[in-house]
Amino acid sequence: MSLTIAALREAPGENRVALSPEVVRKLVKGEFQVLIESGAGDRSFYPDAVFEAAGAKICDRQAAIQGADVLATIGQPGKDVTDQLKAGQTLLGLLQPLTDLDYVQELADKKINALAFELLPRTVSRAQTMDVLSSQASVAGYKAALLAADRFSRYLPMMITAAGTAKPTKVLVLGTGVAGLQAIGTAKRLGAMVSGYDIRPASRGEVESLGATFLTTSVSATGEGGYARALTPEETAQQQAELAEFIAQNDVIITTAQVPGRRPPLLVTQKSVDEAKAGTLFIDLAASELGGNVAGSQPDKTVTTAKQAQIIGAGDMASQLPASASDMFAKNVQAVLNAIIQDGKLVLDVDDEVVGELLATTNGEIISSRVRQAMKLPDRQPAKPAESTDSKGVD
């Protein structure tokens, strides 16, 4: 029998869906069965009829959960889903494996195969097509710049009118990864004067290629694989002091520095927030229950300071562009499926450099080295290769 891939309606407030009609059509063409919970795509403007036309079967929530060999999800599913999962089923999504270790252990105890996008080794070239964090960060950065244009009290571009000339808005983007570069490019296209900052000097070329100014401090922290390493307390204090000067000179500050599974670095101190002039807009893409890049930011809320600066906790920006975000998320899901399904069967190679890290649990065992480290478990030993047995003919 062919494998069954399913997607559910996400929790309230999450507008994305884990499978798009385009990907469903490809899966069906590949002889997979696809189950979509009724209404799963409504908030992404993909009604049930569109999924049906792509070849999916529309069903109720229970049928989708129980019938799935692989259940694709945006966020960590609730207890109503987890309780219905059976041993041998596969769960794929943003499962919070580094911040909710109890949940990982629960999945292991139930012998669920759990593949968490947060664990993907993103520097491995063949993992790029699976990189949900990057695809969704691109959406978030674009949307953050649009949010700045919408919420800032002045024009972003220079405007020459009969009533006079309006100066362009100064936009500073802190963190020039995928989200930051998208925010820079979009703000630049909207006509703002844009600057970008990153503790990795190698980012200069990317920022300047978008027509923005690259700002530097005396703190440099390029880590393994080109990613930023954690700063020491002394480096953090020095960085914050030097950033304060840049922040005071700008009208809109978009912060994008996130560390999967850990508290995001504080880039904008309370002192910088308190001293920000009236109308200054802070958009914090790192805002979550773990904290944010801007002191005082709160997820999904706007905080107004005593001096009338605004801090927008914008950690859900990808969900605010649900159709495009769902399309890219679904393609990342498809890429993972291509890696773990061979000849129509699910093959989870725990010693594969990509799948083995993406895999939080399988067959009751914690697999990912990062999760094992977080749970203080000893390093997992790879399986020993089978001994070669050369058969010789008998005379």
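## A chat about two sheets and their helices

Colleague: Which residue in β6 stands opposite Leu92?

Modeller: Good place to begin, and do keep in mind that this is a predicted model. Strand β5 (residues 90-93) and strand β6 (residues 113-116) run parallel and are joined by 4 bridges. Across from Leu92, the residue in β6 is Leu115.

Colleague: What is the strand order of the open sheet of 8 strands?

Modeller: This sheet has mixed pairing. Its edge strands, β3 (57-59) and β19 (365-366), each pair on one side only. Reading across the sheet, the order is β3-β2-β1-β4-β5-β6-β18-β19.

Colleague: At about what angle does helix α5 run to β18?

Modeller: Helix α5 covers residues 101-109. It lies across β5, β6, β18 (359-362) and β19. Its angle to β18 is about 35°.

Colleague: Let's move to the other sheet. Which strands stand at the edges of the open sheet of 7 strands?

Modeller: The order here is β11-β10-β9-β12-β13-β15-β14, with mixed pairing. Each edge strand has a single partner, so one side of each is left without a neighbour in the sheet. On average, neighbouring strands of this sheet are turned by 20° against each other, direction ignored. The edge strands are β11 (213-215) and β14 (302-304).

Colleague: Within that sheet, which residue in β15 stands opposite Leu281?

Modeller: Strand β13 spans residues 281-284 and strand β15 spans residues 310-313. The two pair in the parallel sense over 4 bridges. Opposite Leu281, you will find Gln310.

Colleague: Which strands does helix α9 touch?

Modeller: Two helices are worth looking at here. Helix α6 (residues 132-151) lies across β12 (252-255), β13, β14 and β15, and it runs at about 155° to β13. Helix α9 (residues 233-248) packs on the sheet, and its direction makes about 160° with that of β9. The strands that α9 touches are β9 (170-174), β10 (193-197), β11, β12 and β13.

Colleague: How many charged residues does the contact of α6 with α7 have?

Modeller: α6 and helix α7 (residues 178-189) pack at an angle of about 35°, their axes 7 Å apart, and the crossing is right-handed. Among the residues that meet are Ala137, Gly141 and Ala145 in α6, with Ala179, Ala183 and Ala187 in α7. By class, the contact has 8 nonpolar and 5 polar residues, and the number of charged residues is none.

Colleague: Are helices α1 and α11 roughly parallel or roughly antiparallel to each other?

Modeller: Helix α1 (residues 21-29) and helix α11 (residues 322-340) pack at about 25°, with their axes 9 Å apart. Angles under 35 degrees count as roughly parallel. The two helices are therefore roughly parallel.

Colleague: And how many residues of that contact of α1 with α11 are charged?

Modeller: α1 passes α11 in a right-handed crossing. The contact is made by Glu22, Val23, Lys26 and Leu27 of α1, together with Ala330, Lys331, Gln334 and Leu337 of α11. Of these residues, 4 are nonpolar and 1 is polar, and the number of charged ones is 3.

Colleague: Is Ala54 buried or exposed?

Modeller: Ala54 sits in the loop between α2 (48-53) and β3. Leaving aside residues up to four places away in sequence, Ala54 touches Pro21, Val24, Arg25 and Val28. Its C-alpha atom is 8.7 Å from that of Val23, a residue 31 places apart along the chain. Buried means under 20% relative accessible area, and because Ala54 has 5%, it counts as buried.

Colleague: What relative accessibility does Thr269 have?

Modeller: Thr269 is in the loop between β12 and α10 (270-275). Beyond residues up to four places away in sequence, it touches Gln240 and Ala295. Thr269 counts as buried, with a relative accessibility of 17%.

Colleague: Last one: what is the relative accessible area of Asp343?

Modeller: Asp343 belongs to the loop between β16 (341-342) and β17 (345-346). Its phi is near 55°, a positive value in a residue other than glycine. Exposed means over 50%, so Asp343 is exposed, at 81%.

Definitions and conventions: Residues are numbered from 1 along each chain as its sequence is written. This is a predicted model: local features need pLDDT of at least 70, side-chain atom pairs count only at pLDDT 80 or more; totals for chains, interfaces and linings use all residues. Side-chain values use heavy atoms; hydrogens and water are left out. Axes are lines fitted to C-alpha atoms, for helices over the stretch in contact, and angles run from 0 to 180 degrees between N-to-C directions. Angles under 35 degrees count as roughly parallel, over 145 as roughly antiparallel, 65 to 115 as roughly perpendicular and the rest as oblique. A crossing is left-handed if the near helix is turned anticlockwise from the far one by less than a right angle, and right-handed if clockwise. Contact means heavy atoms within 4.5 Å. Ala, Val, Leu, Ile, Met, Phe, Trp, Tyr, Cys and Pro count as nonpolar, Asp, Glu, Lys and Arg as charged, and the others, Gly among them, as polar. Two strands pair if DSSP finds at least two bridges between them. Buried means under 20% relative accessible area, exposed over 50%, partly exposed in between (1.4 Å probe, protein chains only).
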